[in-house]
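Biologist: Please take a close look at a single loop residue for me. Then follow the chain outward from there, in short steps.

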Amino acid sequence: MKDKLLLDAFSALSLGVILVDAHYRIALWNAWLEAHTGRAASDTVGEDFFTVFPDLAYHRVGDAIRQAIGHNLSALLSQSLHRSPFPLYAEPARPTARLSQAVTIVPLGDAERYCLIQIVDVTAAVRRESLLRDQAHELLAQSLSDGLTGVGNRRYFDICIEREWRASKRNNKSLSLLIIDVDYFKLYNDCYGHQRGDECLQQIAAAMRSALENPNDILFRYGGEEFCALLPETRSADAVELAEKLRTRVQMLDLPHISSPDGIISVSIGVASHCQKNHTEYGQLIQSADNALYEAKRAGRNSVRVSATFRKFMPFQSAPGV
Ligand SMILES: Nc1nc2c(ncn2[C@@H]2O[C@H](COP(=O)(O)OP(=O)(O)OP(=O)(O)O)[C@@H](O)[C@H]2O)c(=O)[nH]1
């Protein structure tokens, strides 16, 4: 009666249970396994475990079984490393994706050693985890992008500049920064309205973003009508060239701005580059780019200026309206 009760309980378990003897023969095989392998206990009990599961002979599962029988050691297989070792399916008649599994292997018995293998179906938990991870990524991406233009936001800029600053110091590579400001934007808003102003910022951001070809270069909305581009491993000369490209792209949008001298929307850009000698912290890089932007504005706008530190190496400065 007691044995019958135990066997009923064993069959009713909603996890897979295999008992393997000291000769690696299967001694027990429960109903859950029948349901998820499509193989009856009558078909597997008495068989060599590695004949039933040949793929597991050189797998971590095989090692763990040998350790349990040979050395009385238990093992809990990491789910992330060994997600689906057993060929188990929701419907074995229509095997698609294997169930995700959490596998525990424990030695049993004294005089005669057995090994108990427990397999829990963790598919739902893994799916939920992956969904949560995707949602977390999505939320993170949203929290780091600017709602109006879709480029990186100020928070993301703060993260990136710190990261790239450290990388540039570590790898002894230059890092360049462009600060980009839309010219006469207050007048644009006054003339065309805030809504058109927003659309204008979106178009400018899209034009500049499409001009950045290197995937490591990132465009951010620094605040209001100010953008910035962080250019890792980019020397000053290349940064100025890229700044010119961005300025030209915005000019080519040909967005009417009747209250500005050129009659179209334009941007002014300040460029600064970090090489090991000139800046001790990234705040100085931002300050240098800001100073250069101020010079670009003073020079009549729609122009690119490079930080004074590098002027002697950079004869080229675009003229307003060029
Ligand atoms: N439509 C819109 N306008 C914004 C946004 N953020 C900032 N602005 C406007 O941008 C304008 C910036 O004006 P200023 O700082 O005086 O600069 P400016 O008129 O571009 O002049 P310069 O930079 O000297 O050429 C202000 O009128 C802000 O209200 C925004 O998200 N949408």
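**A close look at Asn 216**

Modeller: Asn 216 is exposed, because just 11 other C-beta atoms lie within 10 Å. The cut-offs are these: a residue is buried with 20 or more other C-beta atoms within 10 Å of its own, exposed with 12 or fewer, and partly exposed in between, with C-beta atoms placed from the backbone. This is a predicted model, so local features need pLDDT of at least 70 and side-chain atom pairs count only at pLDDT 80 or more, while totals for chains, interfaces and linings use all residues. Residues are numbered from 1 along each chain as its sequence is written.

Asn 216 sits in the loop between α9 and β7. Helices (H or I, at least four residues) and strands (E, at least two) are DSSP runs, numbered from the N terminus. Setting aside neighbours within four places in sequence, Asn 216 is in contact with Pro 232 and Glu 233. Contact means C-beta atoms, placed from the backbone, within 7 Å.

Now step into β7. This strand covers residues 218-223, and five of its six residues are buried. Five bridges join β7 to β8 (residues 226-232), and the two run antiparallel. Two strands pair if DSSP finds at least two bridges between them. Phe 220 stands opposite Cys 228 in β8. β7 and β8 make a hairpin with two residues between them, and Gly 224 in the turn has a positive phi of about 50°.

Gly 224 also leads to the ligand. There are 17 residues around the ligand, and Phe 185, Lys 186, Gly 197, Gly 224 and Glu 225 come nearest. Being near means that the C-beta atom, placed from the backbone, lies within 6 Å. β6 (175-182), α8 (185-192) and α9 (194-211) each give at least two residues to this shell. The shell holds six nonpolar, four polar and seven charged residues.

Finally, zoom out. The protein is divided into domain 1 (2-126) and domain 2 (144-313), with bounds from an automatic or database domain assignment. Their C-alpha centres lie 60 Å apart. Asn 216 and Leu 116 are 100 residues apart along the chain, and their C-alpha atoms are separated by 51 Å. There is also an open, antiparallel sheet of five strands, in the order β2-β1-β5-β4-β3. β2 (26-29) and β3 (75-76) are at its edges with a single partner strand each, so one side of each has no neighbour in the sheet. Inside it, five bridges join β1 (residues 16-20) to β5 (residues 114-121). Ile 18 has Ile 117 in β5 as its bridge partner.

Note on methods
Nonpolar A, V, L, I, M, F, W, Y, C, P; charged D, E, K, R; others polar. Contact = placed C-beta atoms within 7 Å.
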